2 protein chains.
Amino acid sequence: MSSPSIPSRGRPPRLDRAKTVETALELLDDVGLEALTMRRLADRLGVQAGALYRHFTTKQDLLTAMAERMLGDVQASTGSEDWEGRLRALARAMRRVLLARRDGARVFGGTHSVGPHTLAFAESVLGVFREAGFKDEDAARALMTLVNFTLGHTLEEQAATMPREDGAPDEADRLRSAVLAGPYPHLTATVPVLTSTDFDAHFEFALDVHVEGLRRLRCGA
Amino acid sequence: MSSPSIPSRGRPPRLDRAKTVETALELLDDVGLEALTMRRLADRLGVQAGALYRHFTTKQDLLTAMAERMLGDVQASTGSEDWEGRLRALARAMRRVLLARRDGARVFGGTHSVGPHTLAFAESVLGVFREAGFKDEDAARALMTLVNFTLGHTLEEQAATMPREDGAPDEADRLRSAVLAGPYPHLTATVPVLTSTDFDAHFEFALDVHVEGLRRLRCGA
DNA sequence: ACCTGAACACCGTTCAAGT
DNA sequence: ACCTGAACACCGTTCAAGT
């Protein structure tokens, strides 16, 4: 088999987008977004940094491809549930794939992929809304809101669970001492919840609010 | 007056945190977050870059002070409205101050100030919820959700309205052509809304969903 | 005490030249 | 066609030395 199709003049390339993106995601998991540099990625690929620019026009282009690749891991929920159940499943799936990689939310939030995985996800969410009877305008805005809040939540979650260097106080600790030092009765009462690490509960709360609000808007107006 | 209080040995400082933060915010408006460097800021202050580290331990510390300063511009809505009206006013005020400066949302989102302005804002939102009868746990999570979605929205808004360099296609254009090139019926139907620049309408939709959802949760459970 | 000058250890990106 | 080698124009941060 392996038809030569286009007889590629010169040597076969040692790099390609797919393999580079895969390696970049592994490097991301190992060192985090801050330390993900073109030079370090080139090192891991056994290549010079400049070679990466044959396959990605900029670092931003690489990050966008990484975000697109991450979205490819969302499971298509073929469930025969109602629209609310299908919506919850899609939101949880998006959260899951972002949490699956170190700084995944920041990578996704810093890019705007229009690749097939990203569009397929948006298409699924829109399908749920439109088949549930939402107007096109509401469906589009409901998609934006859902992506927004899911991204925002995972951003906070990954920021809060970041491994802090020795000696530096936890973010929760900094908030606690600042709140207790000032005249903040409401914050004082709620700071245990605000610094809680039960992010599943926080996410499900936001998801409940969102779905509940959308249900009201579906019939009204 | 002007009591010498502590006789400051040596020359009076040419820099202080407040003035530096103010200048940094002006520089941000002029050049954007990407070009906001310690060297450029030092230049504008007539000082060497290293001098900034007498007043801010890191650039992150400076950015946090900038975010804190921005939150100081929220107007205290002393309105005698119901909890929903007060909540809407606070969310709109947060959106307003973030939109007031170039890349304001990204600066705020990349930091976690526990300064008085930030805490005062959180305290206000929590006050609305708790006085409306929300449980402490729900109030705390509703605050997180509100800040989340307001930040996420302004992040998207400022990303979409960024001045693009010549020749580079608009983000909306890229989305449009990608959608029309593939099998995406739902996206095709909604892409006019998704690429709409009526961000007020998008924000008010999300605010409606949020408030509507919270109203249901207040009594229930 | 506060700032300068200069360095350290990096960045992303470009591009002639090799193969 | 693809990659190397080397450079360009920067970064954030540190710190001896000056005043």
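**Two chains and two DNA strands**

Q: How many salt bridges are counted between chain B and chain A?
A: This is a predicted model, in which local features need pLDDT of at least 70, side-chain atom pairs count only at pLDDT 80 or more, and totals for chains, interfaces and linings use all residues. Side-chain values use heavy atoms, with hydrogens and water left out; residues are numbered from 1 along each chain as its sequence is written, and chains are lettered from A and ligands numbered from 1 in the order in which they are written. A salt bridge is a side-chain nitrogen of Lys or Arg within 4 Å of a carboxyl oxygen of Asp or Glu. Between chain B and chain A the count is 2.

Q: Which residue of chain A meets B:Arg216 in a salt bridge?
A: Side chains of opposite charge can pair when their charged atoms come close. The N to O distance for B:Arg216 is 3.1 Å. The residue across from B:Arg216 is A:Glu212.

Q: A:Glu204 and A:Arg92 also meet in a salt bridge; how many residues apart in sequence are the parts that the pair ties together?
A: Over all chains, the search finds 36 salt bridges. One pair is A:Glu204 and A:Arg92, at 2.8 Å from N to O. Helices (H or I, at least four residues) are DSSP runs numbered from the N terminus. A:Glu204 lies in α10 (residues 199-219) and A:Arg92 in α4 (residues 83-99) of chain A, so the separation in sequence of the parts tied together is 112 residues.

Q: What kind of axis relates chain B to chain A?
A: Two copies of a chain are related by a rotation about an axis and a shift along it. Superposed by least squares on the C-alpha atoms of residues with pLDDT of at least 70 in both, chain B falls on chain A with an RMSD of 0.0 Å after a turn of 180° and a shift of 0.0 Å along the axis. That is the relation of an axis that is two-fold.

Q: Which residue of chain B has the C-alpha nearest the axis?
A: The turn that lays chain B on chain A is 180°. In chain B, the nearest C-alpha is 1.9 Å from the axis, and it belongs to B:Gly213.

Q: What area do chain B and chain A bury between them?
A: Contact means heavy atoms within 4.5 Å, and 50 residues of chain B are in contact with 50 residues of chain A. The copies meet through the same surface, because 100% of the interface residues of chain B are also interface residues in chain A. Buried area is the accessible area (1.4 Å probe) that two parts lose on being put together, summed over both. Carbon and sulfur atoms carry 69% of the total, which is about 4,800 Å².

Q: Which helix gives the largest share of the side of chain B that touches chain A?
A: A polar contact is a pair of N or O atoms within 3.5 Å; within protein, one must be able to donate a hydrogen and the other to accept it, and residues adjacent in sequence count only if both atoms are side-chain atoms. Across this interface 12 residue pairs are in polar contact, both at pLDDT 80 or more. In chain B, α6 (116-131), α7 (136-160), α8 (171-181), α9 (185-194) and α10 (199-219) each supply at least two residues of that side. The largest share, 15 residues, comes from α7(B).

Q: What percentage of the atoms of DNA strand C within 4 Å of the protein do sugar and phosphate account for?
A: A residue is near a strand if one of its heavy atoms lies within 4 Å of it. Of the 19 residues around DNA strand C, A:Arg39, A:Tyr53, A:Lys59, B:Arg14 and B:Gln48 come nearest. The sugar and phosphate share of the strand C atoms within 4 Å of the protein is 61%.

Q: What is the distance from a polar backbone atom of B:Gln48 to a phosphate oxygen of DNA strand C?
A: A backbone N or O atom of A:Met38 lies 3.1 Å from a phosphate oxygen of this strand. For a polar backbone atom of B:Leu15 the distance is 3.0 Å. For B:Gln48 it is 2.7 Å.

Q: Which helix gives the largest share of the surface near DNA strand D?
A: Of the 18 residues around DNA strand D, A:Arg14, A:Gln48, B:Arg39, B:Tyr53 and B:Lys59 come nearest. Polar side-chain atoms of B:Arg40 and B:Tyr53 lie 3.0 Å and 2.6 Å from a phosphate oxygen of strand D. The largest share, 3 residues, comes from residues 38-45 of chain B, helix α2.
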